[in-house]
Amino acid sequence: MPVTNNLSAEQAALAETVLNSINDGVMIVDANGLVKLANPAAARMTGNSQPSDMLGLSFLSVLRLTTGEGATLTDSQNPLAQAAVNNMEFSSRDFYLLSLQGEGIPIAISLVPSGGRSADRIITFRNIAEELEKESEQTEFISTASHEMRTPVASIEGYLGLALNPSTATIDERARKYLTEAHAASQHLGKLFQDLLDVTRLDDKREKVHLVPTEMTSAVKEIADRQFAAMANKQLTYTFGSNSGVDDKMQLGQLVYAMVDIDFLQEIMNNLIENAIKYTPEGGAIWVAVRGDGDNVLINVTDTGMGISPDNLTHIFQKFYRVDNSQTREIGGTGLGLYIVKERVEAMGGRVWAESTFSEGSTFYVSLPRISEEEYQRQLLVIQNTAAMPIGPAAGAGLTPTAASMSAGAILAAGNGTSQISTSGVQ
Ligand code: ADP
């Protein structure tokens with residue numbers, strides 16, 4: 001069939017030769033979603049014996065997409081259908097194509113409006129089974145290598161720690177200087193391997209989020225309170241629940257609920273608070289707060305640290321990005337923490353961003369979709385028969401009770417879900 005009436009016979013023949021020879025499936029569908037053109041690769045991948053078998057059919061009946069778990073997508077869940085209806089661009093590597101014979105192949109698929117006066121949409125797709133296999137082998141390799149190297153590095157770090165400890169070893173001052181450097185370097189290496197492991201787990205599409213209904217104020221407080229000792233070491237004042245330093249129009253101390261993956265939440269909070277500690281000089285302050293903000297739960301981690309300049313602020317969530325200035329060069333890091341935070345937050349349907357004033361301090365915000373108390377209770381019932389343990393007072397289960405193990409005198413309950421831990425003078 002002619003590709004378009006505007007082409008000469010020779011050009012049309014050339015276009016057809018190209019379409020027939022490429023391995024990617026190509027389809028043109030009209031504004032009603034009916035197939036106008038398909039190439040042999042498209043027929044082969046969808047399980048049709050020839051392209052003409054597909055002409056005039058609804059493209060959704062030909063291009064049957066499923067999720068990785070094999071669930072067929074309804075039209076409303078199918079982003080390709082939505083893009084075709086709204087005449088918008090779409091591309092993804094997240095779906096499988098189910099052939100007429102019932103075989104599923106992972107594909108990269110894209111839809112683009114043809115532009116101009118034509119209302120056609122052009123759909124291209126290709127089999128990415130081999131690509132995914134290679135990526136998975138690569139990830140596996142990095143993951144195994146990081147894992148294997150972490151153990152000897154931990155041992156080196158441990159022995160250097162013993163050598164530096166006056167009660168276990170005697171060394172002269174020159175040796176102490178060298179060993180201190182070696183100890184810091186081994187710690188850095190250990191953190192790098194841990195971060196690499198986290199990133200490979202993150203890039204591994206097989207890893208799934210496990211969302212459970214959670215009361216966010218208590219869950220975040222419990223995680224944040226665990227960093228008390230590290231804050232005390234730097235004489236930092238830590239306040240949970242107070243909103244100092246940020247917009248305080250919003251209600252604090254209320255019970256707010258969300259569906260979260262507890263492991264992800266811990267990774268997110270640990271990274272943000274570790275950064276707040278790392279990039280805030282001794283004697284500074286850190287605030288952590290959780291509040292309901294309309295349809296979202298908003299968490300903030302605020303510090304009075306070195307801050308981030310506007311040109312760096314736009315890059316800090318990128319993989320391996322580190323701000324490079326005289327202050328940060330002294331502080332170890334891998335540039336992976338905030339990348340992990342961003343991926344984890346987005347995997348739970350949320351958003352993360354930062355506001356900062358250079359030399360004054362920073363606030364990192366995490367916003368997650370909020371659920372009502374009724375929905376929280378309903379979700380608790382749903383998971384009651386599974387092994388998953390929800391977090392929060394209504395569920396009667398929390399994270400491990402670390403806050404309780406802290407010095408009671410150090411925690412000043414200020415009511416309304418607010419507590420302040422003054423670390424000044426705490427050794
Ligand atoms: P790193 O391992 O370097 O800390 P991250 O991805 O966690 O990596 O952070 C990226 C960069 O963002 C850091 O190198 C640092 O310069 C900057 N940064 C992150 N958090 C803060 C903070 N609370 N205050 C100032 N700078 C920060």
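**Close-up 1. Helices H9 and H12 cross in this predicted model.** Here we look at helix H9, residues 262–278, and helix H12, residues 337–347. Their axes come within 9 Å and cross at roughly 145°. The crossing of H9 and H12 is left-handed.

**Close-up 2. Side by side, the residues that join H9 to H12.** From H9, the contact draws on Phe264, Glu267, Ile268, Asn271, Leu272 and Asn275. H12 answers with Gly337, Leu338, Ile340, Val341, Arg344, Val345 and Ala347. Sorted by class, the contact of H9 with H12 holds eight nonpolar, three polar and two charged residues.

**Close-up 3. The ligand and its surroundings.** There are 20 residues around the ligand, and Asn275, Tyr279, Arg322, Thr334 and Leu338 come nearest. Two of these names will be familiar from the previous view: Asn275 belongs to the H9 side of the helix contact and Leu338 to the H12 side.

**Close-up 4. Polar partners of the ligand's oxygen atoms, including Arg322.** An N or O atom in the Arg322 side chain sits 2.4 Å from an oxygen atom of the ligand. Leu338 takes part through its backbone, with an N or O atom 2.8 Å from a ligand oxygen. Gly337 also offers a polar backbone atom, 3.3 Å from an oxygen atom of the ligand. As for cover, the ligand taken alone exposes 530 Å², and the protein buries 98% of that.

Conventions: Residues are numbered from 1 along each chain as its sequence is written. This is a predicted model: local features need pLDDT of at least 70, side-chain atom pairs count only at pLDDT 80 or more; totals for chains, interfaces and linings use all residues. Side-chain values use heavy atoms; hydrogens and water are left out. Axes are lines fitted to C-alpha atoms, for helices over the stretch in contact, and angles run from 0 to 180 degrees between N-to-C directions. Helices (H or I, at least four residues) and strands (E, at least two) are DSSP runs, numbered from the N terminus. A crossing is left-handed if the near helix is turned anticlockwise from the far one by less than a right angle, and right-handed if clockwise. Contact means heavy atoms within 4.5 Å. Ala, Val, Leu, Ile, Met, Phe, Trp, Tyr, Cys and Pro count as nonpolar, Asp, Glu, Lys and Arg as charged, and the others, Gly among them, as polar. A residue is near a molecule or strand if one of its heavy atoms lies within 4 Å of it. A polar contact is a pair of N or O atoms within 3.5 Å; within protein, one must be able to donate a hydrogen and the other to accept it, and residues adjacent in sequence count only if both atoms are side-chain atoms. Accessible areas come from the Shrake-Rupley method with a 1.4 Å probe; for residues, only the protein chains shown count as cover.
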